Amino acid sequence: MIDPQPVAADGQDMFPARENPNYVLRPADVISVTVFREPELSLEQIPINPDGNISLPGSGTFKADGKSARELAKEIETYLAGKILVNPSVAVNVIQFGSHTVAVEGAVKNSGVYPFKPGARLTSAIALAGGTDRVAKLRDVAIFRQLPDGMAVAKFDYAQVRAGTMIDPVLAPGDRVVVGTSGLSQLWQDFLKAVPAFALFTRF
C-alpha cells in the first residue's frame, strides 16, 4: 500500500504527515546540559522558562526556544571557549517534552489534556483519550492549531485515517482535537460541515 501524501493544492502540505527529525526546543521542555569534565558547569535537568531561556551556572543565560539540542550545545561551547575553557565539549539532551500536550474532547471516552512524545499522531491523541465513543461522527474530526499568523483548523475523516487512505497527521504542541458528536452545539456542527472533508487548514 502506498502511504497517503499531503496534497499541496489542497493546503495539506501545511500539516505534515511525517515527523521532523530535528526536534526544536520549546518552553516547558526539560533538558540536561553536560559540560564534559566540568560538573560545576553542568546541570542534570533544567526547564526552559516561559521566555524560552535557560540559565547555566557560571555561563549566564541562553535562548533555547526554537533551537535544536545540537545548536544550543554549540552555542554554549562557543561561549565557554571564549570565556572559560579550552576546547569545551557540551551535550544537551531532552529529559522531558513538557511542551507537548494535546487537548482531546468531544465524542471520546475520556476528554482531557494529555502529554505526548514528538512524532505522535492524530490516532495517538484519540487513543490517549480512550478512543471514540459510540456516538462519534468519525467524518467530523478536527484539529485546531495555533500558527504564527493565527488559529487554523483541519478536518479529517477518521475512518479513512485508520484505513490508511488519509494522512495520520503528526501532532504539534498545543493542538486541540475535537471528535464530532450529535451532542455538540449546532454552531459547531455547522462549522464542521463548512470545512472541507480533506485535511485543509482554514484560518479564522
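Six of the seven residues of strand S9 (residues 150–156) are buried, so the rest of the structure largely encloses this strand. Buried here means under 20% relative accessible area, while exposed means over 50% and partly exposed is anything in between, using a 1.4 Å probe and protein chains only. Strands (E, at least two residues) and helices (H or I, at least four) are DSSP runs, numbered from the N terminus.

Before going on, a word about the model. It is predicted, and local features need pLDDT of at least 70, side-chain atom pairs count only at pLDDT 80 or more, and totals for chains, interfaces and linings use all residues. Residues are numbered from 1 along each chain as its sequence is written, and side-chain values use heavy atoms, leaving out hydrogens and water.

**The hairpin around S9**

Which strand pairs with S9, and in what sense? The partner is strand S8 (residues 136–147), and the two run antiparallel over seven bridges; strands count as paired if DSSP finds at least two bridges between them. Two residues sit between S8 and S9 in this hairpin. One place to look is isoleucine 143, whose bridge partner in S9 is alanine 154.

Valine 141 is also part of strand S8. With a relative accessible area of 0%, valine 141 is buried. Its contacts (heavy atoms within 4.5 Å) beyond four places in sequence include Ala154, Lys155 and Phe156, together with Leu122, Ile126, Tyr158, Val177, Val178 and Val179. For a distance to check in your viewer, the C-alpha atoms of valine 141 and lysine 155 are 5.7 Å apart, with 14 residues of separation along the chain.

**Nonpolar cores**

A nonpolar core is a set of buried Ala, Val, Leu, Ile, Met, Phe, Trp, Tyr and Cys residues joined through side-chain atoms within 4.5 Å. The largest one has 23 residues, and those touching the most other members are Val102, Val104, Leu122, Phe156 and Val177. Two or more residues of this core come from each of strand S6 (101–106), helix H2 (122–128), S8, S9, helix H3 (158–163) and strand S10 (176–181). Another core, of 19 residues, lies apart from it, and its members include Leu25, Phe62, Leu85 and Val92.

**Residues with some exposure**

Three residues that are not buried are set out below, with their positions and relative accessible areas.

| Residue | Location | Relative accessible area |
|---|---|---|
| Serine 124 | helix H2 | 28%, partly exposed |
| Alanine 28 | segment before strand S1 (30–35) | 40%, partly exposed |
| Asparagine 87 | loop between helix H1 (69–83) and strand S5 (90–96) | 72%, exposed |

Alanine 28 has a phi near 85 degrees, a positive value in a residue other than glycine. Asparagine 87 likewise has a positive phi, near 55 degrees, and is not glycine either. As for serine 124, its C-alpha atom lies 10.0 Å from that of proline 169, which is 45 residues away along the chain.

**The chain as a whole**

How many helices and strands does the chain have? There are four helices and eleven strands. Of its 204 residues, 42% count as buried. Among contacts with a separation of 6 or more, 58% are between residues 24 or more positions apart. The accessible surface of the chain is about 10,900 Å², and carbon and sulfur atoms account for 53% of that; such areas come from the Shrake-Rupley method with a 1.4 Å probe, and for residues only the protein chains shown count as cover.
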